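Here is a friendly walk through one protein structure, taken a few pieces at a time. Keep the 3D view open and look for each part as you read.

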Amino acid sequence: MTEQAPGTPLPPAVVTNTVGNAAVHTSVQAGTVGAVHFHQPRHEPPVPRQLRPVAPAWTDREREQDQLTRWIETQPEYAVPIAVLTGPAGIGKTALAERILHGLSGRYPGGQLHVDLRGQNPDGPARPGEVLGRMLRSILPGPLPAGVEELAAWWRSATAARPPMCLLLDGVSDAAQIHRLLPGGSGHLVVATSRIPLPELARHGAATLALSPLDHVAARSYLARCLGPDRVQRETEAVTELIGLTAGLPLALALSITQLARHPDRPLRAAVRALSERRRWAASTSPAPDLPGAIVTSALDAAYADLSRPAARLYRKLAQLPVESVDGSLAAAVALLTPAEAADLLQEITIGGLLVRDSDHPVRGPVWRYSSAALAHARDHAALEKLDGAETEARRRAADWYLAAATAAERLLTPSHRRLDRTYVYPAEHPVEFPDRAAALSWLDAQSANLLTVIRSAHAAGSYGLVWQLVHAMWPWWRAARMYDAWIDAHRLGLEAARLYNSDLAVQEMANTLGIGLRGARSFDEAARIFADVLAGARERQDVRGEAQALHELGATAYEAGRPEEAVGHLEQARTLRESREDRRGVALTDILLGQVHLGRGDAAAAIEVLAAARAALIEVADPHDAARALAWLGRAYSAAGRHDEARPAGSTAQQEFEQTGSRQWMARSLELLGESVAAAGDEEEARELFARALAAYEPLSATDAARVRARLS
């Protein structure tokens, strides 16, 4: 792991610019700079619109909708009002919340977020750090801090600077979940759903609305909209009995409607009879069969009974996995099917109303998820099967499939990443294949939440080899997402697992990447301690490669902590060891960092010497990305030495090379470095244009880097 996490801030000395002994101060206007007009597009993250569309069959709830909307509209502008919809499973809390927020979308130009807190999930509620990380990534580019409290502070700061936005917090289990996610500033809106009342929110002025089932008129209207008025009109007695059996619960009605729609020629009375039988069975096994939960369970049972045996088996198996969403490829691996067979069965389960299909993903394809009620129902039926080891096997098959796919992505995206052995109990029969780097990274990003839950599940199960191998395989995502809270938590588990697995090499790799994450989160002292431990272990094992790596990381950490003299000592030792191993690429990567340190110390001649050598070596070993990095810094070193005629073409060439390699982060960085060189040569107008282009390129990537360039332009 020789690469630093991208986007980490550099010491101020690296970007300080002078002409002679005078500092250059520049300013920028939007759109034009003096007589120069440029058309650099601004790439802002899209305004989040995460609410699902309202179904055309939406029925009733006008009174509740009007009541809550009027309350929201009367709240003071300085406040962040909280509204809570409560009621049992299947009462329609989420649907009403979405309907209300869609109607208010014009009041919240900052966007709409939908966050599933999984309060009733059998695996426990969503982790606060991961929820905050996802919310921040939807509105803020670049690396995120580590720690829940700091993430919450960033969330408040980021939202305080945005136009008003609304949050739907779905499946809340306690008031603390809401308080932790409250946005900063004023004018935002929070709407939460919960199965339980949250009276402690009353003292904060929250509005609570307890939902009731649909009355007979509304339920009949819903049935008519979905099944057609003629069919409902023909069997009024069966309709009345169906509404009574479902108790007006929208979810129970919807499941019944799904069964009826699958069999348009089936009389309503047949569906009512099946549901009635399920209710009688529930009455014999439940102490309180008339509770809403029992009614929903009866409706789920009726839908489950309508599945084919293969579909029912898949419904039970997938529910045993500790993941948020599933797709055809995962389902195939778990159930020993082809992806096409699995997709067909998933579609059958969805038609039955037991799975929810989300929007398709360009790499994963169709994606499905369980509602909390369906997940509990499927797990109950899986437990009734009483098949020894079935849950353990399903989870291991899923984990092995994730490991194989993540490893394929890792080796495509980061071919220089140290390859470690992978151990599979169930090798993937239909492995995921990625056509290109973009597809691999897109898959990792889409699956990141699932991968994190699989890592935690494997750790709890004592599958320690699986834990560290999954963490290791996710290296490209750690670098790209820079969600340091998740990075550090997962690597702590990975490091512990590697030690229990008794693999020195795995311990070294986990410690190295944990240290890089800590350094990215600016926990320099802890990162340095970890790298020092790695160094001691490598020396004890006489592992020269590991020793050189640890010294390089110690140098990088000292440099970013603002201790250049200490950095030089570590980096020169790392360089010597890498030379002894004839590791030309490793030497060159260390030279790039040494060149930056020399620049920060004001020694331009030394910087030029090592950066020129690094550039030549990286071209010879066919590493175009890092060769361009060396050239970008070489251009800056030429500028610091007053060799402006060489600085400009070096910086321009580096920028063009990054365009060819597709590195957006370094396209922005090279523009910034070239701007510094041009400013040092006295061409302030061109420098302003370059800084403005760098700022526009940084904004969708890194708030930290964008802030640095914005300050440079002020």
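## A network of charges

In this predicted model, seek out Arg-118, Arg-127, Glu-130, Arg-134, Glu-324, Arg-456 and Asp-489, which salt bridges tie together into a network. How many salt bridges does the structure hold? There are 40 of them, and a few individual pairs are worth a visit.

## Three salt bridges to find

Start with Arg-52 and Glu-98, whose closest N and O atoms are 2.8 Å apart. This salt bridge connects distant parts of the chain, since 46 residues separate the partners. Arg-52 sits in the loop between β4 (36-37) and α2 (62-73), while Glu-98 belongs to helix α3 (residues 93-103). Are the two partners buried or exposed to some degree? Arg-52 is partly exposed, at 31% relative accessible area, whereas Glu-98 is buried, at 6%.

Next, look at Asp-400 and Arg-396, a salt bridge with 3.0 Å between the closest N and O atoms. Both residues lie in helix α17 (residues 390-413), and because they are four residues apart there, about one helical turn separates them. Asp-400 has a relative accessible area of 0%, so this residue is buried. Arg-396 reaches 17%, and this residue still counts as buried because the cut-off is under 20%.

The third pair is Glu-646 with Arg-643, whose side chains form a salt bridge at 2.7 Å from N to O. Here Glu-646 is partly exposed at 33% relative accessibility, and Arg-643 is partly exposed too, with 35%.

## An arginine tucked into a loop

Go back to the loop between β4 and α2, where you will also find Arg-61. This arginine is buried, with just 4% relative accessible area. Which residues does Arg-61 touch, apart from its neighbours within four places in sequence? Its contacts are Ile-91, Leu-96, Leu-211, Ser-212, Pro-213, Leu-214 and Pro-250. Try showing these side chains together with Arg-61 in your viewer.

## A parallel sheet of five strands

Now turn to the strands. Five of them make an open sheet with parallel pairing, and their order is β6-β7-β8-β5-β9. Why does one side of β6 and of β9 lack a neighbour in the sheet? β6 (112-116) and β9 (207-210) are the edge strands, and each has a single partner, so one side of each has no strand next to it in the sheet. From one strand to the next, the twist averages 15°.

Inside this sheet, β7 (residues 166-170) and β8 (residues 189-194) run parallel and are joined by four bridges. To see how they line up, find Leu-167, which stands opposite Val-190 in β8. As you follow a strand, keep a general rule in mind: side chains in a regular strand point to one face of the sheet and then the other, in alternation.

## An antiparallel sheet of three strands

Another open sheet is built from three strands in the order β10-β12-β11, and its pairing is antiparallel. The edges are taken by β10 (326-327) and β11 (356-361), and because each has a single partner strand, one side of each is left without a neighbour in the sheet.

Strand β12 (residues 365-369) pairs with β10 over two bridges in the antiparallel sense, and Asp-327 faces Val-367 of β12. β12 is also joined to β11, again antiparallel, by four bridges. How many residues lie between β11 and β12 in their hairpin? The two strands have three residues between them. One bridge to look for matches His-361 with Gly-365 in β12.

## A largely enclosed helix

Finish with helix α24 (residues 544-560), which has 17 residues. From its first C-alpha to its last, α24 reaches 24 Å, close to the 24 Å expected at 1.5 Å a residue. Why can α24 be called largely enclosed by the rest of the structure? The reason is that 15 of its 17 residues are buried.

Both ends of α24 offer a detail to look at. At the start, a side-chain oxygen of Asp-543 comes to within 3.3 Å of the backbone nitrogen of Arg-545. Just after the helix, Gly-562 adopts a positive phi of about 85°.

Technical notes: Residues are numbered from 1 along each chain as its sequence is written. This is a predicted model: local features need pLDDT of at least 70, side-chain atom pairs count only at pLDDT 80 or more; totals for chains, interfaces and linings use all residues. Side-chain values use heavy atoms; hydrogens and water are left out. A salt bridge is a side-chain nitrogen of Lys or Arg within 4 Å of a carboxyl oxygen of Asp or Glu. Buried means under 20% relative accessible area, exposed over 50%, partly exposed in between (1.4 Å probe, protein chains only). Two strands pair if DSSP finds at least two bridges between them. Axes are lines fitted to C-alpha atoms, for helices over the stretch in contact, and angles run from 0 to 180 degrees between N-to-C directions. Contact means heavy atoms within 4.5 Å. The expected span of a helix is 1.5 Å times one less than its number of residues. A polar contact is a pair of N or O atoms within 3.5 Å; within protein, one must be able to donate a hydrogen and the other to accept it, and residues adjacent in sequence count only if both atoms are side-chain atoms.
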